[in-house]
Structure formats: structure tokens, C-alpha cells
Amino acid sequence: MRISELLKSTPELLRSSVLPALVAVAIFGAVGQAMAFDDKVFDDKTGVKPQSSPWAVFQFGFSAYKNGHKEQAAEAYKYAAENGQIGATWKLARMYAEGDGVARDDYEAFKFFSEIVDQDVEPGSPEESYVSDALVALGDYLRKGIPGSPVSENEVAAQEYYMRAAANYRNPNAQFEMGQMFLKGEGGVKASVRQAGRWFQLAAEKGHAGAQATLGHLLFQSGKVVRGLAMMTAALERASPADQPWIRGMQEEAFAAAGEADRRTAISLADDILTKGSNADQ
């Protein structure tokens, strides 16, 4: 299947959140395929062989990573990244950001993410997800700064990165962050519940649990008790372990304040939302 066909058949949430890995799998095929390049591009003692094809080295790095040889993968990715492979640069950035196979180094990750966003990648390109994710990562770093590095807290710059990812690439994480900034009046934007709701709605339609919960909370506060409570309840079921605590606190507070009849109706509507998707909450 061609990449363009694969993208058309993939839900938008998947395109924005897991597309880098999906592209890699679609291009590389079976993981073992890349290992065929071992003796051509990599030597256990000397590392990447001179004059190796950056694409072949990228393939080898992908395979080495999947097989647990992360030190080899990092070396291969560095070579491929230095020779123009944007996917290798993204993998390196994520490895340093998460301390995955290398010592965690947020500033090093920041530099790699910066290299990615400087690439001339048009929206709709198979590589757009790398840029989209990198923009959000840079926004996250600039929002708080990186201690012990030249990267200081800059909410205005963070907002600009989030806006690029949210508007140009429709990234749901960036749309959620834009909603938060408009809700709180951060990043140089004027506080506006209406604008915040617009961004939360866009992210919620893509299945972003945090956006669904926050939008539900806003609806609940505005008097739309059943719909708001239903959205928070559905979001709690969809949320990642990291987001469950704050969403649960929000949902339980609303649940306690709602009447018994509204609770029952909201639970039923939440089941519909989970079964039928975002259209059920319209």
C-alpha cells in the first residue's frame, strides 16, 4: 500500500499521534528486513561504515532499536540525521527527551527538535508528523524552560510553536495547549473562554481526552450539566494513566454536584459517546 493511501485510511488522531512510527513500519516493512543491511552499513567495532547510504543506515537504526540494541540505533540515527534523514533526527530527539537508550538530555533533544522544525516540510507531506510533534515538544520546553541550559521560560514563543502545530498541522495536543492558553490568558493571548472552547472542540473531535474533559467541564459550568458530565465521564475512560488523576478529580466533583436524574442520563450519554464517537456528543 502506498503511503498516501495509508494516510487516507488512517483516522486523524492516529496520523497526528503515532504517524511517525506508522510511516516507518509502512516503509520498512518487516523489522527484520533492515537487518539485511547490517554487514553493509554497520560494524560492531567501528560503527557506521564510511560512505554508507543514509537511508540504509536509518533502516538499520530502526531495526536495531526494535531489537533492543539502542546504542547501535543511536549511532545509526546520528549518522542518518547528519545526512538529511528527518525521521532519524526525530528518533534521536525522542530518545534524548525520554532517556531512552541514551542519557536523558532535554537540551540535546531541544536542539534536535529545532533542526526538524527548520525543515521545509509542507502540510500534507508524509513527514509532516515529525514537524508537528517537534513543534509541540519545543512549545513544551519553552513553556517551562530547561534548567542549566540557554533555553529559558518563554510563554510567548511557546504559544507561537503551539499555534503553528495547531493551525498548520491540526495537531490535537497543540490544539489542547492553545485552549489552555486562551482559558488562562497565557502566552501573550487574551483570556477568552470562547476561543478556548473552539480549540478544545477541535482537539476533542480527534479523541484528545484532556480536551474532551476540559470542554465538558466548561459545558457543565455553563449550565449544560448532562452533556458536560457525559463528556468528562467518557474522557476519563479514554484517558491515559498520566491524565486520569486530574480528569477523575474534575469528573467526580461535577458528578457530586449533579442531581440523580442528570447523573443517570449523563452515564447513558457517555456510553453512547464511547460507542459512537464524538458525533454522539453533538
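Colleague: Why is Lys206 called buried?
Modeller: Happy to start there. In this predicted model, Lys206 has a relative accessibility of 10%. Buried means under 20%, so Lys206 at 10% counts as buried.

Colleague: Where does Lys206 sit?
Modeller: Lys206 is in the loop between α13, residues 193-205, and α14, residues 209-221.

Colleague: What makes the pair of Lys206 and Gln175 a polar contact?
Modeller: Here the distance does the work. The side chains of Lys206 and Gln175 come to 3.0 Å, and the cut-off for such a pair of N or O atoms is within 3.5 Å. The value therefore passes the distance test. The side chain of Lys206 also reaches a backbone oxygen, that of Leu202, at 3.1 Å.

Colleague: Let's turn to another lysine. Why is Lys40 called exposed?
Modeller: The relative accessibility of Lys40 is 60%. Exposed means over 50%, so Lys40 is counted as exposed. This lysine belongs to helix α5, which covers residues 38-41.

Colleague: Which residues does Lys40 touch, once its neighbours within four places in sequence are left aside?
Modeller: Lys49 and Ser52 are in contact with Lys40. As for Val57, its C-alpha is 9.2 Å from that of Lys40, with the two positions 17 residues apart in sequence.

Colleague: How do you know that α10 is largely enclosed by the rest of the structure?
Modeller: By its residues: 15 of the 17 in α10 are buried, so the helix is largely enclosed.

Colleague: And what span does α10 have, set against the expected one?
Modeller: Helix α10 runs over residues 128-144 and reaches 25 Å from its first C-alpha to its last. The expected value is 24 Å at 1.5 Å a residue, and the helix comes close to it.

Colleague: What follows just after α10?
Modeller: Gly145, which takes a positive phi of about 85°. Then look at Ile146, placed in the loop between α10 and α11, the latter being residues 155-168.

Colleague: Why does Ile146 count as buried?
Modeller: Its relative accessibility is 7%. The limit for buried is under 20%, so the label fits Ile146. Beyond four places in sequence, the contacts of Ile146 are Asp106, Tyr107, Phe110, Tyr141 and Val151. Of these partners, Tyr107 is 39 residues away in sequence, yet its C-alpha is 6.8 Å from that of Ile146.

Colleague: Asp106 has come up. What makes Arg104 and Asp106 a salt bridge?
Modeller: Their closest N and O atoms are 3.3 Å apart. The limit is within 4 Å, so the pair qualifies as a salt bridge. Arg104 itself is exposed, with a relative accessible area of 57%.

Colleague: How many salt bridges does the structure hold?
Modeller: Nine. Among them is the one between Glu260 and Arg263, at 3.5 Å from N to O. Both residues lie in helix α17, residues 260-276, three residues apart, about one turn of the helix.

Colleague: Why are Glu260 and Arg263 called partly exposed?
Modeller: Glu260 has a relative accessible area of 43%, and Arg263 has 21%. Partly exposed lies between under 20% for buried and over 50% for exposed, so the term suits Glu260 and Arg263.

Colleague: What makes the pair of Glu260 and Arg264 a salt bridge?
Modeller: Here the closest N and O atoms are 3.2 Å apart, against a limit of within 4 Å. Because Glu260 and Arg264 are four residues apart in helix α17, about one helical turn separates them. Arg264 is exposed, with a relative accessible area of 59%. Elsewhere, salt bridges that share partners join Arg94, Glu98 and Asp133 into one network.

Colleague: How confident is the predictor, going by the pLDDT of the chain?
Modeller: The average is 87, and 82% of the residues score at least 70. Over residues 1-19, however, the pLDDT is below 50, with 23 contacts in the model beyond near neighbours in sequence. Residues 22-37 also stay under 50, and the model has 30 contacts for them beyond four places in sequence. Where pLDDT is low, the predicted coordinates should not be read in detail.

Colleague: To finish, what does the chain contain in helices and strands?
Modeller: There are 17 helices and two strands. Of the 282 residues, 48% are buried. The exposed area is about 14100 Å², with 49% of it supplied by carbon and sulfur atoms.

Technical notes:
Residues are numbered from 1 along each chain as its sequence is written. This is a predicted model: local features need pLDDT of at least 70, side-chain atom pairs count only at pLDDT 80 or more; totals for chains, interfaces and linings use all residues. Side-chain values use heavy atoms; hydrogens and water are left out. Buried means under 20% relative accessible area, exposed over 50%, partly exposed in between (1.4 Å probe, protein chains only). Contact means heavy atoms within 4.5 Å. The expected span of a helix is 1.5 Å times one less than its number of residues. A polar contact is a pair of N or O atoms within 3.5 Å; within protein, one must be able to donate a hydrogen and the other to accept it, and residues adjacent in sequence count only if both atoms are side-chain atoms. A salt bridge is a side-chain nitrogen of Lys or Arg within 4 Å of a carboxyl oxygen of Asp or Glu. pLDDT is the predictor's confidence in each residue, from 0 to 100. Accessible areas come from the Shrake-Rupley method with a 1.4 Å probe; for residues, only the protein chains shown count as cover.
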